[in-house]
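Here are some exercises to work through with the model open beside you. Try each task before you read its solution.

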Amino acid sequence: MLRNPLPLLFAVILSPMLVQAQEVELTIEGLKSFRKDNVDAYLSAIPKEEYSTSIRFQARLQRTITEALNAVGYYQPTFEFEVSEDKTELIVKVSQGSSVRYKEVEIVITGEAKDDPDFIAAIEASGLKKGERLNHGEYDSLKSKLRNLGLQKGYFDAKFTTSRLEIAPDLYQAFVRLHFDSGIRYHFGATEITGSQIKIERVRSLSPFQEGDPYLVSQVGEYNQNLSNTDWFSSVLVEPDLSLLGEGRELPMKVSLAPQARHQLETGLGYSTDVDVRASLKWKRPWVNSLGHSFDSSLSVSSPEQTLTASYRIPLEDVLNDYYRIHYGMKRVDSRDTKSIESNLALERHWKLDNDWNRTIFIRYLLENYEQGLQDDNAQFLLPGITFSRIRARGGAMPTWGDSQYITLEYGSENALSETDVIRVLGGMKWIRSAGENHRGLFRIDGGANFADDFDKLSPSLRFFAGGDNNLRGYGYESISPKDESGALTGAKYIATTSLEYQYRLYGNWWGALFYDYGDAFNDTPEFKRGTGVGVRWASPVGPIRLDFAWGLDKDPTDFKIHFSLGPEL
């Protein structure tokens, strides 16, 4: 006699559900290359938990695969379905059949875009040619391309007068008829500027186009970006006045601006293993007057270093790249064997060259009171010089590709307010390259040299020290240089360092790193030091953050150091 029928009843009720919940593996056979890729893309819209071996699901698969093959030109596919004995696998054997080919392709551009090379190139690259296999994506892509080109190049009246894709599946033939009337191409008209606290001539000088030039949306975006990069305005909007379409070829432009706050304060608190905890205060005036002059200053305080800077910038004809800058900096250092108070006053002239290099000619006056090892002295130097630099990057805060180069030459004469005759040369290069989405490589090389008649008269800020976060990891900050008879660091005539780093994406914006550093700061013959280690990188919203565990291989004892830093890689 059955004591309790409920367990059996539940088993009877739930058994179909358990069978239905059993996972089914789907295998598609007979398709290769782009056909398989397109079918996989269509099937990805079906959740795997909906897979089954039922006739209804087989019909659904046949419809989905047929749609995917139709899209790439195959309109007569045939199907065979096989179900494994335990009903855990469904095999679909597909024969795509013959492809539909273009029998007739009629693409006609009328209007002023008829001879436009961009439209001609778009048609040539479309793949829509007689005898080629039908591809719905190529047809839709060309239509979108022609529309977008019309908007980008000022053919605002453009329209399709005929737009047909006809298919005869039984004949394996397709017929394309695209007639595109571009109308006229509009030109830039007069520009109306409102809301600017800066002289209108300055604002106009940032425009990449002139009244009467053919319209290009890219130049509208460039003007918008140029105005934003000045930091004069809190909001920028550059747009054509489309309400006047059809009332003439020239289209007026509207530039709407709002002034940036005249005073800006910024505080910060950070940490680096080189300088420990560091607090900062920045005061900035993005615009001082209607000519667009600007002023910025900063105070940075840490245990070994305190720095005060102030800069005044005077833009010239090319506001963004052509300007004068007057810069003053005061720095107090009490680190290892260096105690120094230095003041720098510099006048700089900046240009951006046609080859995208930046050139700066400057003259600076350095006054320094210092103790360096056994030395206790004052020094002054008047150093004219020139710098060439360039940064190129693609890919955001942690670029997938990039490089930077710089070289600086300075000269001081004993006959012109310098303690000794000296020529200083500094330079460096960095490269970033990626392989796929998960592998990055970084290479850096830096060097410097002092050619002085009397090296002992150079103040500490002109000498070279190696070691630290961005130099030779595994060694203390500026802990490498020649030493005097007391064992104190003296600073070096020369420096040469290099680094090789490999990064692998761990997850999202987190990367692991392996690195090897090599270099020395020396007077005559280098005794190169080696550092190696592992690290973690995070592409944070405020820039790359780096945490390294590094070993200095040429120090005794060979312990490791932790390096933490934040800032751009180039």
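The exercises below concern a predicted model, and each is followed by a worked solution.

**Exercise 1. An aromatic pair**

Task: Classify the ring pair of tryptophan 431 and phenylalanine 443 as stacked, edge-to-face or tilted, and state which strands hold the two residues.

Solution: Begin with the geometry.
- A pair of aromatic rings is described by the distance of the centres and the angle of the planes.
- The centres of the tryptophan 431 and phenylalanine 443 rings are 5.7 Å apart, and the planes make 25 degrees.
- Planes under 30 degrees apart count as stacked, so this pair is stacked.
- Next, place the residues: tryptophan 431 belongs to strand S19 (residues 422-435), while phenylalanine 443 belongs to strand S20 (residues 439-452). The pair therefore ties together parts that are twelve residues apart in sequence.
- Finally, look at accessibility. Tryptophan 431 has a relative accessible area of 27% and is partly exposed; phenylalanine 443, at 34%, is partly exposed.

**Exercise 2. Other partners for rings**

Task: Find how many aromatic pairs the structure holds, and which rings have the charged end of an arginine over them, including that of arginine 359.

Solution: Take the ring pairs, then the charges.
- The structure has 19 aromatic pairs.
- One cluster linked by ring pairs consists of Phe156, Tyr186, Phe188, Phe209, Tyr215 and Tyr223.
- Over the ring of tryptophan 351 sits the charged end of arginine 359, 4.5 Å from the ring centre.
- Tryptophan 401 has the charged end of arginine 394 over its ring, at 4.4 Å from the centre.

**Exercise 3. An open sheet and its helix**

Task: Work out the strand order of the open sheet of three strands, and find which helix packs on the sheet.

Solution: Go from order to edges to packing.
- The order is S4-S6-S5, and the pairing is mixed.
- Strand S4 (101-110) and strand S5 (159-168) are the edge strands, each pairing on one side only.
- On average, neighbouring strands of this sheet are turned by 0 degrees against each other, direction ignored.
- S4 pairs with strand S6 (residues 173-181) in the parallel sense, over nine bridges. Threonine 110 has aspartate 181 in S6 as its bridge partner.
- Helix H5 (residues 136-152) packs on the sheet and touches S4, S5 and S6; the helix direction makes about 175 degrees with that of S5.

**Exercise 4. Two hairpins in a row**

Task: Trace the pairing from S21 through S22 to S23, and say how many residues lie in each connection.

Solution: Follow the chain.
- Strand S21 (residues 494-507) pairs antiparallel with strand S22 (residues 510-522) over 13 bridges. Within this pairing, threonine 498 stands opposite tyrosine 518 in S22.
- The hairpin of S21 and S22 has two residues between the strands, and glycine 508 in the turn shows a positive phi of about 55 degrees.
- S22 runs antiparallel to strand S23 (residues 529-540), joined by ten bridges. Tryptophan 511 has arginine 537 in S23 as its bridge partner.
- Six residues make the hairpin connection from S22 to S23.

**Exercise 5. An asparagine in a helix**

Task: Decide whether asparagine 226 is buried or exposed, and find which residues asparagine 226 touches.

Solution: Locate the residue, then its surroundings.
- Asparagine 226 lies in helix H7 (residues 217-229).
- The relative accessible area of asparagine 226 is 15%. Buried means under 20%, so asparagine 226 is buried.
- Leaving out residues up to four places away in sequence, asparagine 226 touches Leu206 and Leu320.

Methods. Residues numbered from 1 in each chain as written. Predicted model: local features only at pLDDT ≥ 70, side-chain atom pairs only at ≥ 80, totals over all residues. Heavy atoms only, no water. Phe/Tyr/Trp six-rings, centres within 6.5 Å; stacked < 30°, edge-to-face > 60°. Helix = DSSP H or I, 4+ residues; strand = E, 2+ residues; numbered from the N terminus. Buried < 20%, exposed > 50% of the residue type's maximum accessible area, 1.4 Å probe, protein only. Lys NZ or Arg CZ within 6 Å of the ring centre and 35° of its normal. Pairing = 2+ DSSP bridges. Axes fitted to C-alpha atoms, helices over the stretch in contact; angles between N-to-C directions. Contact = heavy atoms within 4.5 Å.
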